[in-house]
Amino acid sequence: MPASFSRRAVLLGLGASGLAAGAPGRAAAQNAYANLEGTPWFYLTDAEARFLAAAGDVLIPEDDYPSASQVGVVDFIDLQLASPWGKGDGLYLKGPFPDGATNSQGYQMPYTPAELFRTAISRIEEAEGTALADLDAAGREDLITRLSEGEMDLGEDIGAAAFFQELHSIVNEGFFADPIYGGNKDYAAWDMIGFPGAHAYYLSFVDQNVPYEKPPMGIAHIPGTRRSASLGASAGAARPANRTEEG
Amino acid sequence: MAARTLPKTDVVIVGAGWTGLAVAKELSAEGQRCVILERGDYRHDAENFGGPEEHDELKYARHKGHMIDTPTKTLSFRNNTSETALPMRRLGSFLPGKGLGGAGIHWNGQLWRPLPSDLNMRTHYTERYGAEILDGMQVQDYGVSYEELEPHFDFFERVCGTAGQAGNVNGEQNDAGNIFEGPRSSEYPNPPMKHSPPQKIFRDTAASMGYHPFPMPSANVTAPYENPYGAQLHPCTYCGFCERFGCGYFAKADPIICIYDTFAEEDPIEIRYRSHVLRVEKSEDGQTATGVTYLDQNGEEVFQPADTVCLNSYALWNVHLMLVSGLGTPYDPETGEGTVGRNYAYQTIAAAGVFFNDEVWSNPFMGAGAMGMTIDDFNGDNFDHTDLGFVGGGYISANQTNGRPINYQPTPPGTPSWGAEWKQAVRENYLHHIGIVCHGSSMPVQGNYLDLDPTYTDDYGQPLLRMTFNFPENDRRMSEYLVGKAEEIARNMDNVRAVSTVNRAAEGDNYSIVPYQTTHNTGGAVMGTDPSTSVVNRYGQMWDHHNVFVFGACLFPQNLGYNPTGPLMGLAYWTIDALKNDYLQNPRPLMDA
Ligand SMILES: Cc1cc2nc3c(=O)[nH]c(=O)nc-3n(C[C@H](O)[C@H](O)[C@H](O)COP(=O)(O)OP(=O)(O)OC[C@H]3O[C@@H](n4cnc5c(N)ncnc54)[C@H](O)[C@@H]3O)c2cc1C
């Protein structure tokens, strides 16, 4: 199976209205999946990956700069959900989980992030009848809007707006985090805003009223390029297991 | 009772953060054998916080790699007693630390002193305005004065190599510094930080409006420096990875490089890691503590006897330890009686966001935790409170501290929070924005307190600490006032396209455990001169158990308009002084109850 697996094929299977709605050509040109292309999902199912690509591109659509899915956000989410973080190593999950929690009390869903995404996505797709990725651009926007406003019934233990927060947060993280985590490919997000990355020494710049011209350099910057090493095909398999051990 | 009892030590210290390491450093110098129990691991700036790996926003700022492990240890929270408290299932509003150095590793380094009138707040306000102005609030005096604490504030500023501009040295005022501050005995040890273009605009605008801007005092060091213990610090590089990160440049003063590294091999200090203190044990007559019981790194329960017990486990966990150990009397919000858990307070945060046109480059990724341009005109009682309807205040500061791309996505008012318009706004504004924070005080009221949760437990089977808190009306009015001032300054600045505001304590909004505000949890074990309203006396010594000494922001009767570490370390050195020069020669209550 790994030999024939193609992440790009899974996501491009979204069709003409699919990935980065309206501009599949650009998605292919970006080749965001090169590193992990031949690697099966660590956690996601194909259907979940398509949901996340479509949802991600509603939240961060393509314009002069790439969309969420184009910079590898689905790969990022897959790796995150497979990591200790995805398994809930940052969450207190002891019950009870009574009704009546207030917004001020924060996350009160009885799920790890990995479980939450699996459960919520399947409930959304079930409730809507049509997969998000099969809707046209307006349909996707409408669904995500209803989700964000809590106008969707995802069962007793998952608030639609609360799940939207998690979705929004992880898409945003994937877009802007250091490329070592699989998103923000070739520093696309950092280029977009002008963030120069992790190698930081600004003593003689900090008080100057001028743009800072140096291109971004991430944690695993490849010298002489505008690229970072990321969770490539070779490192990819090993990293999810130990990556966030200290975190 | 514990399975195993260890040989007795002179002093046992719970927690290896700023306060715990300072106690060990100073008491070991007196020949006291000190055992520090720290529930986290050993770590070090040189080995663990180096760039570029440390500059990982996902791991440290989002997933909070240096902070407490909420699955194991957390608290429960509700806004008021009619609600059911639920566990804080993950970190948000505040970010306590774990491991060598405690939260002092991932702090910002904004290093303040209280105003003289903050320390005798009840007396001061009563004299100036009449006692009614404090009605409905449990505002108290600290029981110790600015003059008594000044040498200790001064010493800690030198431990940190603090960078700043004095505004009052021995009564002599200097307009370049904070003219409102209490008299200090010496200049700051290092010159102030540099400032970014928006901060200079803030400074000039505030000055033109008649306010008194000055550089925020900073524990991000600005020159090569040796502290009084002999530690070496290096100048800050303005890397922008400060709050939530350790500093691999040795430029942000922290407890490891400033104190721990100066322990000598022959010092009688032993630090035991992965040692989680479960409770303080009391003598049969209950008058004193006999030591502490903890889970050692093998998960075995052991008893460490000691002559003196020091609680240095962070404000919240100090209170938790008292409650689970039966030290002092728990506070009852119905009757107002009891003291442990009473006067819990926080920080009241609001802010104005300033969006510049392309003429002004903030480059927000350049910055430092304490790179700020500040006015103190509306802090404490630096302004007339007659008819304002509130007491307290806060500093207002243009800070450039943390412009990292996931957490810092400023967009002008009216921008949606996702989609094409949002994306474009982030792109256009990221390099041209600064935030002006209003760092407001927090007054104690009867219904805000800490106790033990009846339902939820931690991994050790102990009840969680339960926090009941909402913003008091006084603080809502104060915050509204401050943010109005900040907004006015913002609107007067040049090249401004838009101004946004947030006010966490806005009328109608409840305090929420979710968005980060500050790790300035205060009170719960407050100091004072009256045992019916304080847990410890003016020396930080428990009224009920004279060999238990308490450190940290839990001592504050109400929270200041400043960050807590300068004030709480001043108090720590004051307590250490009382231990060294009095108590240890003749252990007894240092004040009559
Ligand atoms: C993000 C952030 C930014 C901050 N910025 C500033 C700032 O700019 N200016 C400022 O003044 N303050 C700031 N602070 C606050 C500052 O970090 C604290 O005031 C300071 O660290 C308190 O020191 P402490 O010794 O009381 O506790 P801590 O530093 O928290 O140390 C307590 C230690 O005790 C250990 N411990 C806890 N319970 C147990 C137990 N049961 N058994 C054994 N060990 C235990 C913990 O693991 C920890 O290591 C900031 C804090 C944070 C989190």
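# Briefing: chains A and B with a bound ligand

In chain B, residues 446–572 are 22% helix and 20% strand, and the C-alpha atoms at the two ends of that span lie 27 Å apart. UniProt, in an unreviewed entry, lists this span as "domain: Glucose-methanol-choline oxidoreductase C-terminal". The model is predicted. Chain A is built from 10 helices and has zero strands. The ligand has 99% of its 1,000 Å² of accessible area, as reckoned on its own, covered by protein.

**Annotated spans of chain B**

- The UniProt record, again an unreviewed entry, gives residues 8–41 of chain B as "domain: FAD-binding".
- Helix accounts for 32% of residues 8–41 of chain B and strand for 29%.
- The end C-alpha atoms of residues 8–41 of chain B are 24 Å apart.

**Chain A overall**

- Read from the N terminus, chain A runs α-α-α-α-α-α-α-α-α-α.
- Chain A has 247 residues, and 52% of them are buried.
- Take the contacts in chain A between residues at least 6 apart in sequence: 68% of these join residues at least 24 apart.
- The exposed area of chain A is about 9,700 Å². Carbon and sulfur atoms supply 51% of that area.

**The ligand and its shell**

- There are 36 residues around the ligand. B:Thr19, B:Glu38, B:Gln110, B:Val277 and B:Thr565 come nearest.
- By class, the shell holds 13 nonpolar, 19 polar and four charged residues.
- Three elements of chain B, α1 (18–28), β12 (276–282) and α12 (565–581), each give at least two residues to the shell.
- At B:Arg39, a polar backbone atom sits 3.1 Å from a nitrogen atom of the ligand.
- At B:Gly109, a polar backbone atom is 3.2 Å from an oxygen atom of the ligand.
- At B:Gly104, a backbone N or O atom is 3.4 Å from an oxygen atom of the ligand.
- Protein covers 99% of the accessible area that the ligand has on its own.

**Two helices of chain B**

- What encloses α9(B)? The rest of the structure largely does so, because 11 of its 11 residues are buried.
- The buried residues of α9(B) include B:Trp317, B:Asn318, B:His320 and B:Ser325, along with B:Leu316, B:Val319 and B:Met322.
- B:Gly326 follows α9(B) and has a positive phi, near 70°.
- Helix α10 of chain B spans residues 420–429. Its buried residues are B:Trp422, B:Lys423, B:Ala425, B:Val426, B:Arg427 and B:Asn429.
- The buried residues of α10(B) pack against α3 (46–59), α7 (160–176) and α8 (188–193) of chain A.
- In chain B, the buried residues of α10(B) pack against β15, β18 (433–440) and β21 (496–503).

**Backbone exceptions**

- Most residues other than glycine have a negative phi, and most peptide bonds are trans.
- The A:Gly95 to A:Pro96 peptide bond is cis, with omega near 0°. A:Pro96 is in the loop between α4 (73–82) and α5 (113–128) of chain A.
- The B:Gly51 to B:Pro52 peptide bond is also cis, with omega near -5°. B:Pro52 falls in the loop between α2 (45–48) and α3 (57–62) of chain B.
- B:Phe250 is not glycine, yet its phi is positive, near 60°. B:Phe250 belongs to the loop between β10 (232–233) and α8 (255–258) of chain B.
- B:Asn343 has a positive phi near 60° and is likewise not glycine. The loop that holds B:Asn343 runs between α9 (315–325) and β15 (348–356) of chain B.
- Is B:Asn343 buried or exposed? B:Asn343 is buried, because its relative accessible area of 0% is under the 20% cut-off.

**A buried loop threonine**

- B:Thr162 is in the loop between α6 (146–159) and β6 (168–169) of chain B.
- B:Thr162 has a relative accessible area of 0%, so this residue counts as buried.
- Leaving out residues up to four places away in sequence, B:Thr162 touches B:Leu111, B:Glu157, B:Tyr188, B:Pro189, B:Asn190, B:Pro217 and B:Ser218.

Technical notes:
Residues are numbered from 1 along each chain as its sequence is written. Chains are lettered from A and ligands numbered from 1 in the order in which they are written. This is a predicted model: local features need pLDDT of at least 70, side-chain atom pairs count only at pLDDT 80 or more; totals for chains, interfaces and linings use all residues. Side-chain values use heavy atoms; hydrogens and water are left out. Helices (H or I, at least four residues) and strands (E, at least two) are DSSP runs, numbered from the N terminus. Buried means under 20% relative accessible area, exposed over 50%, partly exposed in between (1.4 Å probe, protein chains only). Contact means heavy atoms within 4.5 Å. Accessible areas come from the Shrake-Rupley method with a 1.4 Å probe; for residues, only the protein chains shown count as cover. UniProt positions are given in the numbering used here, feature names are shortened, and annotations may be inferred rather than shown by experiment. A residue is near a molecule or strand if one of its heavy atoms lies within 4 Å of it. A polar contact is a pair of N or O atoms within 3.5 Å; within protein, one must be able to donate a hydrogen and the other to accept it, and residues adjacent in sequence count only if both atoms are side-chain atoms. Ala, Val, Leu, Ile, Met, Phe, Trp, Tyr, Cys and Pro count as nonpolar, Asp, Glu, Lys and Arg as charged, and the others, Gly among them, as polar.
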